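Hi,

Here is the structure I promised to pass on. Have a look at it first, and then read on for what turned up in it.

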Amino acid sequence: MTSPVMDMETLQASAVIDLDAIRDNVATLRATARTAEVMAVVKADAYSHGLVPVARAALRGGASRVGVAVLDEAFALRAAGITAPVFAWLAAPGAPYQRAIVEDIDLAAHSVGQLHEIAYAAACSGQVARVHLKVDTGMGRGGTAVDDWPALTLRARDLEAEGLLRVEGVWSHLACADEPGSTSIARQLTVFDEALAIAARNGLQPTVRHIANSAGTLSVPQSHYDLVRPGIAIYGVNPMPRELHASMPVLRPAMTLRAHLTQVKRVPAGTPVSYGHTYSTAANTTLAVVPLGYADGIPRSASGAGPVQVNGRRHTVTGRVCMDQFVVDVGNDDVVPGDEIVLFGPGDHGGPTAIDWADAAGTIAYEIFTRIGGRAVRVYTLTGDDDDGTHDDQGNHAGPEDCRR
Ligand SMILES: *Cc1c(COP(=O)(O)O)cnc(C)c1O
């Protein structure tokens, strides 16, 4: 099989990342969000798609900010020369807030204690910290409990008056936006509006109010406010139920996970396959060995179920997924060692997708992506023909490109 990227014949397994798809998905989300800004969520190494190349592609697509969970991810973006606003929302007591303020990272705060830590770091750095206050509107995870919100906003107002911080944002997170008709969505938006009113009454003037994840961006226009925070959608996966996808904006999956068969052999009927002998061949058949396993992020729970495509034909993981490899019974298909096998990709030509793998493994596409790592080399493709100069990088101008991790 020929490979879509030059020079890849020597790679056993690779995750090919289509950065044009990322850019185009962000442009689609930006259009969907109408007047709201788009913050591209690139936490967890951009859902294993690669933090820095994805952040750049998202900014090219019209994102005006990037969002990450932890400060180290924010520092990595700055170290790579990304100057766009970066928001980091998950920090434990003792986090390096002073460095974050010096590096111009926007910080989240959910408690008076955390505000004081940030204010102290701001005083030490001689700069004003930019803060987004988080209210728990019904997710039941991070964020100030509504009962504590008035006190938090008053304290923030005082710290603003002292010149230590500026409350740029008020934000929250939706729990069930991917469940159409969930009554919790409207309830959370009502609580959010009440929290915004309290913040205003207590003297705060946040300019960036945000609550929408991908599902909110795609399906709840009232949740857009000033900014949306899509993650999974920028990677080309619609988190809404499958039956709704046809009526929604088209997104293109950016990651293709593929490998080259290491071995192919004919075996007789009744040949047991892989650990535990959970499968035996029904007839004379051909077994193909794939050099990817659970150490590379292939879920073991997809044993006997994960879909693959070899030479244009769909098959299924046969028997158990092992640490480094799995087997596929390809019947009487004509395959040879070195042939390409696709585990998931954009779904063109009947190929499997990450959603198919999620269904096979009893999980969600988010987990399929974020597990991918280990030995699967990442390869980037982009055409690079529409650089609008919004990024100041050292490459990504000419393509196709091949940056190996
Ligand atoms: C991960 C995350 C997002 C993005 O969620 P998606 O469902 O991937 O769009 C947005 N906001 C916060 C706070 C997150 O943790």
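To get you oriented: where is the place of S274? You'll find S274 in the loop between β12 (272-273) and β13 (279-280). Keep in mind that this is a predicted model. I picked S274 as a starting point for its backbone: phi of S274 is near 70°, a positive value in a residue other than glycine. Y225 is another one to look at, with a positive phi of about 45° although Y225 is not a glycine either. That residue lies in the loop between α9 (214-219) and β9.

Now to the ligand. The space it takes up is the largest pocket. Around the ligand there are 14 residues, and the closest are K43, Y47, S214, I232 and Y366. Sorted by class, this shell has seven nonpolar, four polar and three charged residues.

Here are some polar contacts to click through:

- Y47: an N or O atom in the side chain is 2.6 Å from an oxygen atom of the ligand.
- R229: the side chain has an N or O atom 2.9 Å from a nitrogen atom of the ligand.
- I232: here a polar backbone atom is 2.8 Å from an oxygen atom of the ligand.

As for how covered the ligand is, it has 390 Å² of accessible area on its own, and the protein covers 93% of that.

Y47 comes up again among the rings. The count of aromatic pairs comes to seven. One of them is Y47 with Y235: the ring centres are 4.6 Å apart and the planes are at 25°, under the 30 degrees cut-off, so this pair counts as stacked. Y47 lies in helix α2 (residues 43-48), whereas Y235 is in the loop between β9 (227-228) and β10 (255-260), so the pair ties together parts that are 188 residues apart in sequence.

That's the tour. Shout if you get stuck.

Cheers

Notes: Residues are numbered from 1 along each chain as its sequence is written. This is a predicted model: local features need pLDDT of at least 70, side-chain atom pairs count only at pLDDT 80 or more; totals for chains, interfaces and linings use all residues. Side-chain values use heavy atoms; hydrogens and water are left out. A residue is near a molecule or strand if one of its heavy atoms lies within 4 Å of it. A polar contact is a pair of N or O atoms within 3.5 Å; within protein, one must be able to donate a hydrogen and the other to accept it, and residues adjacent in sequence count only if both atoms are side-chain atoms. Accessible areas come from the Shrake-Rupley method with a 1.4 Å probe; for residues, only the protein chains shown count as cover. On a 1 Å grid over the protein atoms alone, a cavity is a set of points where a 1.4 Å probe fits but cannot get out, and a pocket is an open set with protein on both sides within 12 Å along at least five of seven lines; lining residues have an atom within 4 Å of a point. A molecule sits in a cavity or pocket if more than half of its atoms lie within 2 Å of its grid points. Ala, Val, Leu, Ile, Met, Phe, Trp, Tyr, Cys and Pro count as nonpolar, Asp, Glu, Lys and Arg as charged, and the others, Gly among them, as polar. Rings of Phe, Tyr and Trp (its six-membered ring) pair if their centres lie within 6.5 Å; planes under 30 degrees apart count as stacked, over 60 as edge-to-face and the rest as tilted. Helices (H or I, at least four residues) and strands (E, at least two) are DSSP runs, numbered from the N terminus.
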